[in-house]
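Trainee: Could we go through this one together? I'd like to talk about the cavities and then about how some of the helices pack.

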Amino acid sequence: MTLLSDIISASAHLHNSNHLPSDEYDRRIRELVEYFRRLQSTKALDSFASDGTFLSNFDPVIDSIPYLFVLRVQIQKAQEINTNVLPADLRPSGKLWTCAAHFLTNFDGVQVRYAGREWRLLVELVGQASQAASMASRLFFQSYSGSIANLTLLQPLLGAKLVRDAMLRLDPSCAVFTSSHLLLVRLCLQAKAYSCALPVLDKQIFHFPISQGRAFSGPSALCADHASSVSFMTEASGVSSKLSYRDYLQYFLYGGMVYMALKEWRNALHFLGIVISAPSTNPVSLIMVEAYKKWVLVGLLEKGKLCSPPSITTPHVVKVYQSLARPYIILAHAFEHGDLKRLDAEIDAGKGVWCADNNFGLVSQVVGAFFSQTVIKLGKTFAALTVADLSKQVFPSPVCADVTRSAVSSLIISRALNATLVQTKDHAESSMLRFSSIHSLPRLSYESDLQSQLKQEMRIMEALVINLGETNNNLGLSDEYVDSLHKGQVWSGSNEVNPIVGGEAGLEMDEDLMGDMS
């Protein structure tokens, strides 16, 4: 019997296995993975490295393991032949790229739990290939500035979609933070495909991959139904490369930047707040300072004021932020005082700072936010105002009434302002803006919005309770807790969450002072 026949026969043992008990299916798939790892270590699979028809014998939906291992061998062979150049077959639309895309959108999530390392390497390769192809396109078409944009953005977009779909296929909850999370947001930012990241960004992260050898609650078989993905998304599974503290901070910083690009200021504040309030064993890092600068600007855009950092941020860290982000604090104070002239002066004076920090786009939006926030504040004082009076209240110099009326109309249409603009026939200046309270909104519309928000909060709370229970169990089984029992220094109990940051939580604290953001 040939090796191909052996592989087909071995993979067939997993077909139609839904009726098998979890323990039996677990045994079979572990044996299959070990079989392929032996073939890989003995170079037996190298005989298929250049066989372009081999993968057509398998369907990644039911033959995920053989498809993945042989595809990895073929990719490695292509890389060995082209050591300094990205092989054409690995670029988007190349043969190996097409096979990788076919696998990542169709693989069996349960089977791949047993080959997490091979899956991760393929996901990382797709991301790297799309980025490298984008760079190659940029260099090749650098003299054609008119057509380069679409070419350089398309490549990382293709990779981002594949990475996202692969992550959701392996772990639909995306509740365990992995290196793929960071890869995805980087690709989406590079491609300017911000919405592409939302199916993952909108998921709540509850865990880091638990360390090798750590016990966990739940079924021992990876193929069984698990209440939380932390049971199979472990360090030992290889689904994530080694994580550092910087990876964690970068993910939430980049995620906040994605929400900023989409003008979802509330979500952006949440992500940035996680970064600036993160505990640190060293002085504040550059990533945290960058997040704070953006936090100040996003706070102005969302709430119209300088927002205090989350309450868990230590006072000495807040002082460091305020010292290193002084131009932003001054800008925020000018905004809060309602002085448009001073605000414009501070923006002009700090133009070099905003550009150096890549925050000029956010600062430019602050002026528009100044108008909207000022109008909203006036609504808390007045029941109605003419457009002419509104212009005098907001702008220090005379402004055309049509400009003011157009800006107010935009606020009402975007639902940023609850008001009604009443037009009159005789004079544009006499048009009236009537402010509305939330109680004056149609009751059905208000109750519908409230019900939708309650349902969303309920889903989040349900997920939080499930994952909190899993965290409690993991902490109760941790080495720290067992050691404390031996010493007679019991914590308040395994049912109370204790903050563990470091290697046992799957996170390496290697943050450097003002560390590199790349």
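Trainee: Which residues line the second largest cavity?

Mentor: Keeping in mind that this is a predicted model, the residues lining the second largest cavity are I75, L90, L96, W97, A100, L125 and V126. Two elements each give two or more residues to that lining, namely α4 (95–104) and α6 (116–140).

Trainee: Which element gives the largest share of that lining?

Mentor: The largest share comes from α4, which contributes three residues to the lining of the second largest cavity.

Trainee: And what is the lining like by class?

Mentor: Sorted by class, the lining of the second largest cavity has seven nonpolar residues, with no polar and no charged ones. The volume of this second largest cavity is about 30 Å³.

Trainee: How many cavities of 30 Å³ or more does a search of the whole structure find?

Mentor: The search of the whole structure finds two cavities of 30 Å³ or more, and the largest has a volume of about 60 Å³.

Trainee: What lines the largest cavity, then?

Mentor: The lining of the largest cavity is made up of W119, M167, L170, D171, C174, V176, T178, H181 and M233. By class, that lining has six nonpolar, two polar and one charged residues.

Trainee: Okay, on to helices, since α4 came up. At what angle do α3 and α4 pack?

Mentor: Helix α3, residues 64–81, packs against α4 at an angle of about 155°, and the two axes are 11 Å apart. That angle makes α3 roughly antiparallel to α4, because angles over 145 degrees count as roughly antiparallel.

Trainee: Is the crossing of α3 and α4 left-handed or right-handed?

Mentor: The crossing of α3 and α4 is left-handed. On the α3 side the contact is made by S64, Y67, L68, L71, Q74, I75 and A78, and on the α4 side by L96, C99, A100, H102 and F103. By class, this contact of α3 with α4 has nine nonpolar and three polar residues, and no charged ones. Going back to the second largest cavity for a moment, I75, L96 and A100 are also among the residues that line it.

Trainee: Different pair now: how are α10 and α12 oriented, parallel or antiparallel?

Mentor: Helix α10, residues 245–261, and helix α12, residues 286–303, pack at an angle of about 25° with their axes 10 Å apart, and the two helices are therefore roughly parallel to each other. The crossing of α10 and α12 is left-handed.

Trainee: Which residues make that contact?

Mentor: From α10 the contact uses R246, L249, Q250, L253, M257 and M260, while α12 brings I287, M288, E290, A291, K294 and V298. The residues in the contact of α10 with α12 divide into eight nonpolar, one polar and three charged.

Trainee: Last one: what about the packing of α17 and α18?

Mentor: Helix α17, residues 360–379, and helix α18, residues 387–394, pack at an angle of about 115°, with their axes 10 Å apart, and the crossing of α17 and α18 is right-handed. The contact is made by F370, F371, T374, V375 and L378 of α17 together with L390, Q393 and V394 of α18. By class, the residues in the contact of α17 with α18 are six nonpolar and two polar, with no charged ones.

How values were computed:
Residues are numbered from 1 along each chain as its sequence is written. This is a predicted model: local features need pLDDT of at least 70, side-chain atom pairs count only at pLDDT 80 or more; totals for chains, interfaces and linings use all residues. Side-chain values use heavy atoms; hydrogens and water are left out. On a 1 Å grid over the protein atoms alone, a cavity is a set of points where a 1.4 Å probe fits but cannot get out, and a pocket is an open set with protein on both sides within 12 Å along at least five of seven lines; lining residues have an atom within 4 Å of a point. Grid points are joined across faces, edges and corners, and a volume is the space filled by probe spheres set on the points. Ala, Val, Leu, Ile, Met, Phe, Trp, Tyr, Cys and Pro count as nonpolar, Asp, Glu, Lys and Arg as charged, and the others, Gly among them, as polar. Helices (H or I, at least four residues) and strands (E, at least two) are DSSP runs, numbered from the N terminus. Axes are lines fitted to C-alpha atoms, for helices over the stretch in contact, and angles run from 0 to 180 degrees between N-to-C directions. Angles under 35 degrees count as roughly parallel, over 145 as roughly antiparallel, 65 to 115 as roughly perpendicular and the rest as oblique. A crossing is left-handed if the near helix is turned anticlockwise from the far one by less than a right angle, and right-handed if clockwise. Contact means heavy atoms within 4.5 Å.
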